[in-house]
Amino acid sequence: MWPKDVGIRALEVYFPAQYVDQTELEAYNGVSAGKYTIGLGQSRMGFCNDREDINSLCLTVTHRLLERYGIEPRDIGRLEVGTETILDKSKSVKSVLMQLFEPHGCTDIEGADATNACYGGTAALFNAAAWIESSAWNGKLALVVAADNAVYSAGSARPTGGAGAIAILVGPDAPLVFDRGLRASCMRHAYDFYKPDLRSEYPVVDGKLSIQCYLSALDSCYQLYCDKVREKGLAGDDPVTLANFDAFLFHSPYCKLVQKSFARLAFVDFLNTPKERICNDERYKDAVSLHAAKLEDTYFDRDIEKVFTRLSKTDFERKTKPSLLIANQVGNMYTPSVYSGLVSLLLSKPISELAGNKIALFSYGSGFCSSMYSLTVTRDTRDGSGLSKIIAALSYVKPQLEGRHCVSPADYTRVLALREQNCHVVPFTPESNIDDMFPGTYYLTQVDEKYRRTYERV
């Protein structure tokens with residue numbers, strides 16, 4: 001028999017204790033007011049100084065989850081990391097995390113790293129669920145860690161950076177249950193965003209192609225997901241539309257793209273609706289002529305975007321905007337991005353309103369890999385239930401967002417220049433102060449002449 005209700009049993013999110021204000025960054029970069037805050041939909045951008053790297057991010061979020069939920073190292077049977085921030089071409093970040101388990105005699109833990117741009121965390125999550133539903137499962141829990149430091153070279157893409165980590169505990173009898181058999185993927189080959197220079201933290205980005213790839217993946221995954229729901233007879237005779245979901249979460253390169261993506265799904269629903277029904281629907285009186293459009297020709301059609309952003313605004317503000325809290329305040333965390341949306345959603349509503357919700361998630365990683373799947377929230381909202389424990393455990397998120405310190409754009413730029421200067425330099429000792437770090441944060445102490453990294457904890 002399948003283990004019952006396999007899904008998410010615990011969540012921990014971490015972001016660095018410093019940020020740059022996007023309004024100040026606009027002035028510093030000499031761009032028009034609102035270019036980042038309104039045009040991108042971003043307020044603040046978290047970033048790592050030279051004390052933090054992918055290993056420290058993952059050590060911090062993993063240790064904090066184990067402590068906060070009282071999880072013993074022996075309870076974990078699989079540990080997998082999803083990241084595109086690569087420090088070593090051979091040694092996995094997962095192997096670094098084993099220093100949290102090995103001292104307890106726990107070394108029988110499966111898993112390694114999963115890498116494909118922002119999709120690695122989702123790949124690791126799918127692997128964790130598959131392991132629990134397989135003959136290899138030993139009755140223990142799986143831990144998925146997704147983390148990245150998202151930085152760009154100076155230019156128009158730099159304000160879309162961010163940094164952070166998510167730890168996700170996966171097991172049976174979960175309050176956030178994966179909908180079995182309801183998963184759609186779109187995998188293709190593209191050079192929209194990639195990191196060919198291993199000496200640099202910066203990617204090569206084709207911005208227009210990247211948006212086109214993201215939207216085409218969204219179209220494909222949504223249509224296929226809806227087809228699978230119909231094939232399973234889960235929607236009756238009615239079409240599957242945005243109305244079937246209580247919340248819709250997206251990978252967020254920047255918040256404005258998420259709003260455009262929600263509007264695009266409303267447009268897909270419109271195209272899938274018979275024309276006679278469109279003609280009789282007062283909402284679409286000014287959009288009937290758009291029903292003849294070919295989806296693949298509309299990626300950059302401003303008129304369609306404007307019309308369906310307006311038509312979908314109420315649903316967007318109810319179903320998706322609450323999930324953008326962390327994305328707006330921290331920026332694009334890459335692999336943790338869509339899961340920071342899940343954390344934000346859980347913090348946005350009373351628990352009674354979350355009970356029984358159907359949540360869709362769209363994960364995209366450039367290059368490209370993408371998937372759409374769904375979760376069902378338990379209806380058990382009693383004190384002490386799994387759902388109430390997750391929400392209570394996340395109560396630190398908003399205070400820590402506000403507890404970060406603001407760094408000037410000039411100092412932020414100097415930090416990135418320092419990281420660029422010392423990328424893969426050995427031996428290396430970081431310069432940044434640790435006094436402002438959150439309690440429980442791991443930080444880099446040194447890199448020796450053999451590139452071996454050591455860490456301590458605040």
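UniProt positions are given here in this structure's own numbering, and such annotations may be inferred rather than shown by experiment. With that in mind, an unreviewed UniProt entry lists Glu84, Cys118 and His251 under "active site". The model you're looking at is a predicted one. Below is a quick tour, starting with those annotated residues and moving on to helices, ring pairs and a couple of charges parked over rings.

**The "active site" residues**

- Glu84, one of the residues that UniProt lists here, is part of the lining of the largest pocket.
- To find Cys118, look in the loop that runs between strand E5 (113-114) and helix H4.
- Cys118 has a relative accessibility of 9%, so it counts as buried, the cut-off being under 20%.
- Setting aside residues up to four places away in sequence, Cys118 touches both of the other listed residues, Glu84 and His251, along with Tyr334, Thr335, Ser363, Tyr364 and Gly365.
- His251 is also a loop residue, sitting between strand E11 (247-250) and H6.
- With 3% relative accessibility, His251 counts as buried too.
- Once neighbours within four places in sequence are left out, the contacts of His251 include Cys118, Tyr214, Val258, Asn332 and Tyr334. Ser337, Val338, Phe362, Ser363 and Tyr364 are also in contact with His251.

**The "binding site" residues**

- The same kind of record, an unreviewed UniProt entry, gives "binding site" for Ser210, Lys256 and Lys260.
- Ser210 and Lys260 both show up in the lining of the second largest pocket.
- Lys256 belongs to helix H6, and Lys260 is found in helix H6 as well.
- Lys256 comes out at 26% relative accessibility and counts as partly exposed, while Lys260, at 29%, is put in the partly exposed class too.
- Ignoring residues up to four places away in sequence, Lys256 touches a short run of the chain: Ile38, Gly39, Leu40 and Gly41.

**Helix H4, tucked inside**

- H4 covers residues 120-132, which makes 13 residues, and it reaches 19 Å from first C-alpha to last, close to the expected 18 Å.
- Ten of those 13 residues are buried, so H4 is largely enclosed by the rest of the structure.
- Among the buried ones are Gly120, Gly121, Thr122, Leu125, Phe126, Trp131 and Ile132.
- Ala128 is a good one to zoom in on: Ala128 lies in H4 and is buried, with a relative accessible area of 2%.
- Apart from residues up to four places away in sequence, Ala128 touches Arg78, Ala142, Val144 and Val170.
- For a sense of scale, Ala128 and Leu444 are 316 residues apart in sequence, and their C-alphas are 29 Å apart in space.

**Helix H5 and what follows**

- H5 takes in residues 207-231, 25 residues in all, and spans 36 Å from its first C-alpha to its last, close to the expected 36 Å.
- Just past the end of H5, Gly233 takes a positive phi of about 70°.

**Aromatic rings**

- There are 20 aromatic pairs in the structure.
- In one of them, Phe262 and Phe316 have ring centres 6.0 Å apart and planes at 65°; over 60 degrees counts as edge-to-face, so that's what this pair is.
- That pair links distant parts of the chain, with Phe262 in helix H6 (residues 255-272) and Phe316 in helix H9 (residues 313-319), 54 residues apart.
- Phe262 is buried, at a relative accessible area of 0%, and Phe316 counts as buried with 6%.
- Phe267 and Phe270 pair up with their ring centres 6.2 Å apart and their planes at 20°, so this pair is stacked, as planes under 30 degrees apart are.
- Phe267 and Phe270 are three residues apart in helix H6, which puts about one helical turn between them. Both are buried.
- A cluster joined by ring pairs brings together Tyr222, Tyr225, Phe245, Phe248 and Phe250.

**Charges over rings**

- Arg180 has its charged end over the ring of Trp2, 3.9 Å from the ring's centre.
- Lys208 does likewise with Phe300: its charged end sits over that ring, 5.1 Å from the centre.

Terms used:
Residues numbered from 1 in each chain as written. Predicted model: local features only at pLDDT ≥ 70, side-chain atom pairs only at ≥ 80, totals over all residues. Heavy atoms only, no water. Phe/Tyr/Trp six-rings, centres within 6.5 Å; stacked < 30°, edge-to-face > 60°. Helix = DSSP H or I, 4+ residues; strand = E, 2+ residues; numbered from the N terminus. Buried < 20%, exposed > 50% of the residue type's maximum accessible area, 1.4 Å probe, protein only. Lys NZ or Arg CZ within 6 Å of the ring centre and 35° of its normal. Expected span 1.5 Å × (residues − 1). 1 Å grid on protein atoms, 1.4 Å probe; cavity = no way out; pocket = protein on both sides within 12 Å on 5 of 7 lines; lining within 4 Å. Contact = heavy atoms within 4.5 Å.
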